[in-house]
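These notebook entries record what I looked up in one structure. I began with the open and enclosed spaces and then turned to the cysteines.

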Amino acid sequence: MDTIAPLVYFLVGVSGFFAIMSAPGICMAEKMIDGYLPSALRVADKYAGAQMKFYMAFQSREQFLFWILLAALVVMTPDLTSLCIYVCAMAAYFIGLCIHAITNQSAYGFALPGMLFWMICMCVIFGATLMGFLLL
């Protein structure tokens, strides 16, 4: 633990941060939808709006539990090698997803500041985890 403590603390901090970021969607799905897809609920019919609210709340619960469990896994694992590879692969996937969403922003209607925020966060996570992994 002496050599990998900073990496463990970083990954637990990142997991806690994203768990907190996911929590409001559980209670305020409408606000979260408006942050990602502005005016989507105004143009949707009642059924589509209810489905979007349900899936946003469901996805927020899923993300919240994922980040909490990832933090617990980081603390409990004896070897961070496979977990660092997983975090780097996950961050690389989300970087690609954000680049795709940004380049097709006019077709999808995503809010650009939200996508840029996620892309920058995932780039930092990827870089810091990769550097910590290489220093193991």
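**Entry 1: the largest pocket.** I noted at the outset that the model is predicted. I looked up the volume of the largest pocket and found about 770 Å³. I then asked which residues lie closest to its centre. Of the 27 residues in the lining, these are Tyr-36, Gln-59, Gln-63, Phe-94 and Leu-97.

Next I recorded which elements give two or more residues to this lining. They are α1 (5-22), α3 (29-36), α5 (46-76), α6 (81-103) and α8 (112-134). Which element supplies the largest share of the lining? I found that it is α5, with eight residues.

I also sorted the lining of the largest pocket by class. I entered 21 nonpolar residues, five polar residues and one charged residue.

**Entry 2: the cavity.** I then looked for enclosed space. How many cavities of 30 Å³ or more does the count give? I recorded one. For the largest cavity I noted about 40 Å³ of space.

I listed the residues that line the largest cavity: Leu-11, Val-14, Ser-15, Trp-67, Leu-70, Val-87, Met-90 and Ile-125. At least two residues of this lining come from each of α1, α5 and α6. I noted that α1 gives the most, with three residues. By class, I entered seven nonpolar residues, one polar residue and no charged residues for the lining of the largest cavity.

**Entry 3: the cysteines.** Before searching, I reminded myself that a disulfide is a covalent bond that joins the sulfur atoms of two cysteines. How many disulfides does the structure hold? I found zero.

I checked Cys-98 and found it in no disulfide. The cysteine sulfur nearest to that of Cys-98 belongs to Cys-123, and it is 8.3 Å away. I reasoned that a pair must have its sulfur atoms within 2.5 Å to count as a disulfide, and I set the 8.3 Å beside that cut-off.

I made the corresponding check for Cys-121, which is also in no disulfide. Here the nearest cysteine sulfur is that of Cys-98, at 9.3 Å.

Finally, I asked whether these residues are buried or exposed. Cys-98 has 5% relative accessibility, so I entered Cys-98 as buried. Cys-121 has 15% relative accessibility, and I therefore entered Cys-121 as buried too. The cut-off I applied for buried is under 20% relative accessible area.

How values were computed: Residues are numbered from 1 along each chain as its sequence is written. This is a predicted model: local features need pLDDT of at least 70, side-chain atom pairs count only at pLDDT 80 or more; totals for chains, interfaces and linings use all residues. Side-chain values use heavy atoms; hydrogens and water are left out. On a 1 Å grid over the protein atoms alone, a cavity is a set of points where a 1.4 Å probe fits but cannot get out, and a pocket is an open set with protein on both sides within 12 Å along at least five of seven lines; lining residues have an atom within 4 Å of a point. Grid points are joined across faces, edges and corners, and a volume is the space filled by probe spheres set on the points. Helices (H or I, at least four residues) and strands (E, at least two) are DSSP runs, numbered from the N terminus. Ala, Val, Leu, Ile, Met, Phe, Trp, Tyr, Cys and Pro count as nonpolar, Asp, Glu, Lys and Arg as charged, and the others, Gly among them, as polar. Buried means under 20% relative accessible area, exposed over 50%, partly exposed in between (1.4 Å probe, protein chains only).
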